[in-house]
Amino acid sequence: MAVSYMDYSSPSAQFTYDLSNNQFFKKDDRNLINFLSINQINTLGNVSLLDIYLSTGNVIEPHTHQNASELVYCISGAAVVSLINPFTKELRNFPIQPGQVANVPQGWWHYEVASVDNTHLLAIFDAPVPEFIGGSDLLRLTPASVFAHTYCLDEAKVKDTLAPITKTVVIGPPSDCKMNQVRSKMAPAQHANPTYSNHSVPSQSSYNQGYGQQHRQQYYYPQQQPVIGNGGYTY
C-alpha cells in the first residue's frame, strides 16, 4: 500500500536505493545483513526487506516480528526456516533452495539456518518498519532467578549457562564461540536437502542457536539503523 500523503512529484521522492549502503549487521565477510525500509525509499509503502548472506551453520537467531509477517525467499545456497506454530504447538522445519520460499506469520517464533556456504536470502515484510524481539535479549535480560523459580531449575546452572550471552547476537554463533563444538551440533544443517519431516525436531536440537539486536552502540551501524526499544526496532 502506497503512502497516501506522499507527493510523488516532489524532488525528494525516492525510487531507488543501493542496499550495500545500509548495513544492518556484519559478523564477517560471509555473514552479514543489509536492509531496506521506508527510511531509505520514502515511496516504498507498506513493505521492507532484509538482504541476508550466510555461510554453513550460521543462524539468524530465534526471534519474532510482532508487527509483520515475513516471507523468506532463497536466492542462492540453501537454508532451513524453522518456526513454532503456536496453535498446534509444533516445531516446523522448512528447507528452501533457490526459487523457494517459506512464510512466517506475524508474531511467530522462528529462525533461519544456512545449510551450505554462500547462502543468500531475502526476507520480505508487510510493514514499512518491522519490529523485532530477539531470543538472546529475552535470555540475557530475564533474571536467572525467574527462570529457576518458574520452571523449577537450578539457579546457579541457569546463570552459568546464560552468562556468555552478554549482548544481542544477530547472527550466531558468536565469533568467539568454540566453532568445533557448534559445528558438531549443527551437522544436520550442512546438507542442502535435509530429509527430516516438517513435524520433527532436528536431532541434537540442531537449529536452536541464537541471534538478536539490542544496544546499537555495540555494533557497526551506519545512519538509520534498526533501533530496538520497547520491544521493537526502527529501520
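This section describes the confidence, strand pairing, surface patch and unusual backbone geometry of a predicted model.

The chain has an average pLDDT of 81, and 74% of the residues reach a score of at least 70. Confidence falls below 50 over residues 187-235, a stretch that nevertheless makes 158 contacts in the model beyond near neighbours in sequence. Where pLDDT is low, the predicted coordinates should not be read in detail.

Strand β6, spanning residues 79-85, is mostly covered, with 6 of its 7 residues buried. Two antiparallel pairings involve this strand. With strand β7 (residues 90-96), β6 shares 7 bridges, and within this pairing A79 has I96 of β7 as its bridge partner. With strand β9 (residues 110-114), β6 shares 5 bridges, again in antiparallel orientation; here L83 stands opposite H110 of β9.

The hairpin formed by β6 and β7 has 4 residues between the strands. K89 belongs to the loop between β6 and β7 and adopts a phi near 60 degrees, a positive value in a residue other than glycine. The relative accessibility of K89 is 69%; because this is over the 50% cut-off, the residue is classed as exposed.

A positive phi also occurs at V170, where the angle is near 70 degrees, again in a residue other than glycine. V170 is placed in the loop between α3 (155-162) and β12. In contrast to the exposed K89, V170 has a relative accessibility of 0% and is therefore buried, the limit for that class being under 20%. A further backbone feature is the cis peptide bond between G172 and P173, for which omega is about -5 degrees. P173 lies in the loop that connects β12 (171-172) with α4 (179-185). Most residues other than glycine have a negative phi, and most peptide bonds are trans, so positive phi values and cis bonds depart from the usual pattern.

On the surface, L71, Y73, I75 and V101 make a nonpolar patch of about 300 Å². Strand β5 (residues 70-76) supplies the largest share of this patch, with 3 residues. I75, one of the patch residues, is found in β5. Its relative accessible area is 36%, and I75 is thus partly exposed. Because patch membership requires over 30% relative accessible area, the 36% of I75 satisfies that criterion.

Note on methods. Residues numbered from 1 in each chain as written. Predicted model: local features only at pLDDT ≥ 70, side-chain atom pairs only at ≥ 80, totals over all residues. Heavy atoms only, no water. pLDDT = per-residue confidence, 0-100. Contact = heavy atoms within 4.5 Å. Patch = residues over 30% accessible without salt bridge, like charges linked within 9 Å, V, L, I, M, F, W, Y side chains within 5 Å. Areas by Shrake-Rupley, 256 points an atom, 1.4 Å probe, with all protein chains shown as cover. Salt bridge = Lys/Arg side-chain N within 4 Å of Asp/Glu carboxyl O. Buried < 20%, exposed > 50% of the residue type's maximum accessible area, 1.4 Å probe, protein only. Pairing = 2+ DSSP bridges.
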